[in-house]
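Biologist: I haven't looked at this one before. Could you walk me through it?

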Amino acid sequence: MIIERLVSWMEIAPVDKKVMAVDALVRAWQLTDLSEHERDAAEVAMTCVLDDCDVEVRLALAKALGEAANPPRHLVLALAADIPKVSLPVFANCSALLDVELIQYMKTGNDDQQKAIASRPLLSSALCAEIAMTGCKAACIELVTNPEAQLAENDFYHMAERHGHCRDLRSCLLARPDIGMRARVLLIEFYAVSLQDVDENEDEKTRMRLQKELVEVCDKATITFAAQISDEEISDLVVALIERKKLTTSFLLRSICMGNLTLFAHSLAILSGQPLHRVERILQDRRLNALHALYAKAGLPMSALNVFASAIGSWRRHLEMDNGGAPDRLPYLVTREILAGYEGKRDQIVDELLMLLRKICTETARDNARSKVAQMALENEEKRALPAPEPEQVPELQYSNEELMAFTLQFAEELADMALQNEADVTLAAGDLVAANMDSPDTDTVCIGEHRGKSRLSFLGSLKIPAFQKFSGISRAA
């Protein structure tokens, strides 16, 4: 009876009151002590709410049923088919929806609905795969950051392939340690592309030049990344590069020039099918015949063998020297030595590699110069930032008042003498002084004249202290 009265009341009640009534209705339906008749009546009342013209009322029903355990399926499906605003709570939380239904909604829903599905707890592997292959950028970001999503390595690769240009998604993917090397290599390429500012109106030659620069940036980023991972991950990286056809002769030579011999050894081992420890032993022992056989088995161009052998030998010599130089300078020294000492055969492949070496030599020389300048600037800043001497470390000069007065008088007179540069003025002043002495020859005037006849240093010497020390002491006191 109460349910029937509630339905009649909701036809005329204001919206805010109906929202509160819907929430109370769903909570009452979940009570276990309701009779069968009462539960059926409550379900009928909730079904009537589906036809309410007010969106907020239907949204309240969707929120309440989304958090309910085992809600009526016909209500859930009806709310899922409602406008997106009403369907979001159901997609995000309702446990009554099957994976098959959610996959279908992923294909037909808008971005907000896809994002809501990706935020669900306990996402199955099948649903994760569907979101990775068909979901929008926002849904993929939600999926990657969902801690309960059962993601596979292929899912990461599909998301990187579809939305690797999105900076936010790229950052979320790279922050995860389990995305796999295929996806990571692809994301490095997208990151390199993001660094380039390409104008669509550029001519074909400019586009080709930018494309070549892009490949070089990707290679350097990949080699740098390979220097920071484990041996097992390096093998996975090499396999991923082979699959994407990125493991080129230029890439391998650049890896050697940058000092990543481990990456080169892993590449030779995988390409030739030989154990890694055997490859490393051949590179360490400098067995040219064994290196020749290993190089040929790896399928690398034989004309470039001498270039690789020269690069490996140069690195070994510089590492064995260990002269305490800056490690940042080694790539420049190695590439310069290869270019200066190479005397092998020349063909198109070798010429391209030698051009690459010249470019690497130029890049490393500039990097080394920048590093040296920065180091010198830092050293100068450190010198300027040396602490001032402690006050107690400065020697204090102690003199009597009589000594200070005598010095002041003598110093003033000497300054006056220095100001009299004109010989006529000096003669006139001397005549005046003689006349004054003749008129009143008192002892004090004669004494001043006697002091005036002495040099400044001889007078200061009578105080038994060095002259410049005395001057500095006076200036500090002033």
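Modeller: What follows goes through the overall make-up, the cores, some helices, the empty spaces and a few loop residues, and please keep in mind that this is a predicted model.

Biologist: Okay, basics then: how many helices and strands are there in the protein?

Modeller: The protein has 27 helices and zero strands. Of its 478 residues, 37% count as buried.

Biologist: And what share of the contacts with a separation of 6 or more comes from residues 24 or more positions apart?

Modeller: Within that set of contacts, residues 24 or more positions apart account for 60%.

Biologist: Let's go inside. Which residues touch the most other members in the largest nonpolar core?

Modeller: That core holds 57 residues, and the ones touching the most other members are Ile131, Leu143, Met159 and Leu173. Helix α4, residues 55-66, gives the largest share of this core, with six residues. There is also a second, separate core of 52 residues, which includes Ile223, Phe264, Leu291 and Phe308. As a general background, nonpolar side chains tend to be buried together in soluble globular proteins.

Biologist: Back to Ile131. What does it touch, leaving out residues up to four places away in sequence?

Modeller: With those sequence neighbours left out, Ile131 touches Met106, Ile117, Ala118, Leu123, Ala139, Cys140, Leu143 and Arg162. Of the residues just named, Ala139, Cys140 and Leu143 are among the buried residues of helix α10, which spans residues 137-144 and in which Val144 is buried too.

Biologist: Why do you say the buried residues of α10 line one face of the helix?

Modeller: Looking down the axis of α10, one sees its buried residues fall within an arc of 135°, and so they line one face of the helix. Those buried residues pack against α8 (111-118), α9 (125-134), α11 (153-163) and α12 (167-174).

Biologist: You mentioned α11. Which of its residues are buried?

Modeller: In α11, the buried residues are Asp155, Phe156, Tyr157, Met159, Ala160 and His163. Their cover includes α9, α10, α12 and α13.

Biologist: New topic: how much volume does the largest pocket have, and what lines it?

Modeller: The largest pocket has a volume of about 540 Å³. Its lining is made of 18 residues, and those nearest its centre are Lys212, Val215, Glu216, Asp219 and Ser250. At least two lining residues each come from α13 (181-194), α14 (204-226), α16 (249-257) and α22 (348-384), and α14 supplies the largest share, seven residues.

Biologist: What's the lining like by class?

Modeller: The lining of the largest pocket is made up of nine charged, six nonpolar and three polar residues.

Biologist: What about closed spaces, how many cavities of 30 Å³ or more turn up?

Modeller: A search of the whole structure finds one cavity of that volume, and about 50 Å³ of space lies in it. Its lining consists of Val185, Glu189, Cys218, Asp219, Thr222, Leu241, Lys246 and Phe251. Two or more of these residues come from α13 and likewise from α14, with α14 giving the most, three residues. By class, the lining of this cavity has four nonpolar, one polar and three charged residues.

Biologist: And Ser267, buried or exposed?

Modeller: Ser267 counts as buried, because its relative accessibility is 0% and the cut-off for buried is under 20%. Ser267 lies in helix α17, residues 261-272, and it touches Val238, Leu247 and Leu252 when residues up to four places away in sequence are not counted.

Biologist: Last thing, the loops. Where is Pro147?

Modeller: Pro147 sits in the loop between α10 and α11, and it is exposed, with a relative accessible area of 76%. Pro147 and Pro121 are 26 residues apart in sequence, and their C-alpha atoms are 8.5 Å apart in space.

Biologist: Which residues should I look at for a positive phi in something other than glycine?

Modeller: One of them is Asn70, whose phi is near 55°. Asn70 lies in the loop between α4 and α5 (73-80), and at 66% relative accessibility it counts as exposed. Leu122 also has a positive phi, near 55°, and its place is in the loop between α8 and α9. Leu122 is exposed, with a relative accessible area of 65%.

Conventions. Residues are numbered from 1 along each chain as its sequence is written. This is a predicted model: local features need pLDDT of at least 70, side-chain atom pairs count only at pLDDT 80 or more; totals for chains, interfaces and linings use all residues. Side-chain values use heavy atoms; hydrogens and water are left out. On a 1 Å grid over the protein atoms alone, a cavity is a set of points where a 1.4 Å probe fits but cannot get out, and a pocket is an open set with protein on both sides within 12 Å along at least five of seven lines; lining residues have an atom within 4 Å of a point. Grid points are joined across faces, edges and corners, and a volume is the space filled by probe spheres set on the points. Helices (H or I, at least four residues) and strands (E, at least two) are DSSP runs, numbered from the N terminus. Ala, Val, Leu, Ile, Met, Phe, Trp, Tyr, Cys and Pro count as nonpolar, Asp, Glu, Lys and Arg as charged, and the others, Gly among them, as polar. Buried means under 20% relative accessible area, exposed over 50%, partly exposed in between (1.4 Å probe, protein chains only). The arc is that of the directions from the helix axis to the C-beta atoms. Contact means heavy atoms within 4.5 Å. A nonpolar core is a set of buried Ala, Val, Leu, Ile, Met, Phe, Trp, Tyr and Cys residues joined through side-chain atoms within 4.5 Å.
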